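Thank you all for coming. I would like to walk you through one model this morning, and please keep the viewer open while I talk.

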Amino acid sequence: MLLRFDQVSFTYASLAQPLFEGVSLHCGPGWTGIAGANGAGKSTLLKLAIGELEPQRGRVQRLATAVYAPQRTDDPPPDGVRFLEATDVSAGEWRGRLRIGVDWLSRWETLSHGERKRLQIGAALWRNPELLALDEPTNHIDAEARALLLAALRRFRGVGLLVSHDRALLDALCMQCVFIDPPDLAVRPGGVTAGLEQQGLERQQVRAAD
């Protein structure tokens with residue numbers, strides 16, 4: 001399994017400068033973190049990866065199955081009903097690990113954001129996609145929900161893309177991180193803390209060479 005960006009360029013009509021220009025990126029099994037300032041293109045990268053957006057130049061070699069879990073939880077997940085009604089072992093295990101009630105969809109309006117997020121991600125994990133793209137999964141949830149999600153995400157064996165400002169989550173899960181600085185990006189091994197340290201060393205080397 002390999003998600004591959006080859007010389008990808010993309011921008012929006014409203015932007016004066018390209019968002020991505022000639023970007024190449026390879027992501028294999030395991031979690032790849034995606035870091036960058038607000039508006040840098042993190043969510044756009046996810047949508048290019050899953051096929052919701054197409055590059056204007058270059059090519060994205062996508063995986064056969066992909067699930068995108070957005071940051072917001074206003075609406076129930078598309079597979080929520082099937083997931084809660086499923087009788088297979090996998091569905092029962094995911095519901096148990098994430099402590100998901102089978103009546104949660106019937107009382108969706110009363111659920112906390114953390115409960116909604118657990119159901120959203122539980123349904124995504126149950127589908128067992130080759131690519132799972134998550135956008136800020138731990139925003140505005142309590143410590144218990146965060147711990148349950150972290151434990152569940154560690155069990156995922158496909159290609160995972162994780163957009164998050166949660167440094168501890170990125171450090172705990174990710175084998176590499178993508179740092180977006182439009183129109184370029186840099187890929188560094190390890191979690192976001194190790195990547196930022198490497199970025200600092202690279203900048204020191206550039207300054208020393210000037």
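I will take the nonpolar cores, then a pair of helices, and then the salt bridges.

This is a predicted model, in which local features need pLDDT of at least 70 and side-chain atom pairs count only at pLDDT 80 or more, while totals for chains, interfaces and linings use all residues. Residues are numbered from 1 along each chain as its sequence is written, and side-chain values use heavy atoms, with hydrogens and water left out.

The largest nonpolar core, meaning buried Ala, Val, Leu, Ile, Met, Phe, Trp, Tyr and Cys residues joined through side-chain atoms within 4.5 Å, has 38 residues, and Trp31, Phe83 and Leu173 are among those with the most contacts inside it. Buried here is under 20% relative accessible area, exposed is over 50%, and partly exposed lies in between, with a 1.4 Å probe and protein chains only. A second, separate core of 26 residues includes Phe20 and Val178.

Turning to the helices, which are DSSP runs of H or I with at least four residues, numbered from the N terminus, helix 4 (residues 113–126) packs against helix 5 (residues 143–153) at an angle of about 10°, their axes being 10 Å apart. Helix 4 and helix 5 are therefore roughly parallel, a term for angles under 35 degrees.

Finally, the whole structure holds eleven salt bridges, each a side-chain nitrogen of Lys or Arg within 4 Å of a carboxyl oxygen of Asp or Glu. In one of them, glutamate 54 meets arginine 62, with the closest N and O atoms 3.3 Å apart; glutamate 54 is partly exposed at 49% relative accessibility, and arginine 62 is partly exposed at 27%.

Conventions: Axes are lines fitted to C-alpha atoms, for helices over the stretch in contact, and angles run from 0 to 180 degrees between N-to-C directions. Helices (H or I, at least four residues) and strands (E, at least two) are DSSP runs, numbered from the N terminus. Angles under 35 degrees count as roughly parallel, over 145 as roughly antiparallel, 65 to 115 as roughly perpendicular and the rest as oblique.
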